[in-house]
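Visitor: Please take a close look at a single part of this model, and set out carefully what can be said about it.

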Amino acid sequence: MRTIRTVSELREALAPARRAGRTIGLVPTMGALHEGHLSLIRRARSECDEVVVSLFVNPAQFNEGADLDAYPRDEARDAELAEAAGADHLFAPGVEEVYPRGFATTVSVASLTGPLEGAHRGKGHFDGVTTVVSKLFNMVGPDVAYFGQKDGQQAAVIERLVQDLDFAIRIEVCPTVRESDGLALSSRNVRLSPVERRRATALYRALRAVSEAIARGERSPAAVTAAGRADLTSTGGIELEYLELVDPRTFVPIQHVEPGDLLAVVAARVGGTRLIDNQPIQVPSTAAGMEGPTEASSPTEAGSTHTQEALECSAR
Ligand code: AMP
């Protein structure tokens, strides 16, 4: 695997594959790679002829300077992990390569970016994401790009972007990888103290409490989210930002639990670390619905250190 710093080197490295009609897969990351990222890279390896992993801590999407400064970075370790997972190229440009002097363009997706993460991190966050992802798409020219369900709203925003701007790229959204106690893997987890790490499992428990309330037949979103909130607020040291049941197409809170796809979403600060998570829930329409919604299996059931909620990524 080669580490590439510039767009011109990248184009040169990918030209033979492109000429030969080989498929190119892209996995965009901000580094500090963990099993969540590696699941995306392995997926790309299994589906594409050439796999590019990008590593760029994008200043434009950080709404807090302290979060950007504290973001974990270890390129040598990331390179080893990416290669072992099957990457052919690690594209790790400097900030000046991505945002050269005079850079003046923003790519902005409306509507979907308003609620939840958009409201809490500010509009600039998603603008930073969509601008850098558009640039990465143009730099790499992938056939397929892989994103994680862990950042569910981001994945939906990217799908909108691709559709609206006619990028000829298939987007694959891959399931969230969790620790055995349910905590979703995140580069920010390394910042948690041992006590905070234990508290952080409350996010997953809250999502489970929400699905369980729906399984019991609760149909009022307020009552359903109250069930999840009880767990979060009874765990000390957690500052809840939101816990909502939303429509996964719009990310707008739903008024009533009806048959179909829902998404339970949560964001909270554990000490100084902001964490997000979500749980897709399918409410069946038939009599089978009386048995409750279907959702991913509990992480502890899989019996491995890390669990993925489903085996397949979903092309949407
Ligand atoms: P990041 O480096 O945090 O920007 O994440 C890069 C990609 O990895 C994004 O598409 C994330 O959604 C995805 N990702 C991060 N954590 C996980 C996880 N626990 N499971 C699956 N995908 C993840």
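On which residue is the kink in α11 centred, and about how many degrees does it amount to?

Guide: The model is a predicted one, in which local features need pLDDT of at least 70 and side-chain atom pairs count only at pLDDT 80 or more, whereas totals for chains, interfaces and linings use all residues. Residues are numbered from 1 along each chain as its sequence is written, and side-chain values use heavy atoms, with hydrogens and water left out.

The kink in α11 is centred on G228 and is about 25 degrees, the bend at a residue being the angle between axes fitted to the seven residues ending there and the seven starting there. Helix α11 (a DSSP run of H or I, at least four residues, numbered from the N terminus) covers residues 221-234, and its 14 residues reach 20 Å from first C-alpha to last, close to the 20 Å expected (1.5 Å times one less than the number of residues).

G228 is also among the buried residues of α11, together with P221, V224, T225 and L232, where buried means under 20% relative accessible area with a 1.4 Å probe, protein chains only. These buried residues pack against α10 (201-215) and the strands β8 (238-246) and β9 (260-270); contact here means heavy atoms within 4.5 Å, and a strand is a DSSP run of E with at least two residues.

Helix α8 can be set beside this. Its 13 residues, 152-164, reach 18 Å, close to the 18 Å expected, and its buried residues include G152, Q153 and E159. The cover over the buried residues of α8 includes α6 (117-121), α7 and β5 (144-148), and just after α8, D166 takes a positive phi of about 55 degrees.

Technical notes. Buried means under 20% relative accessible area, exposed over 50%, partly exposed in between (1.4 Å probe, protein chains only).
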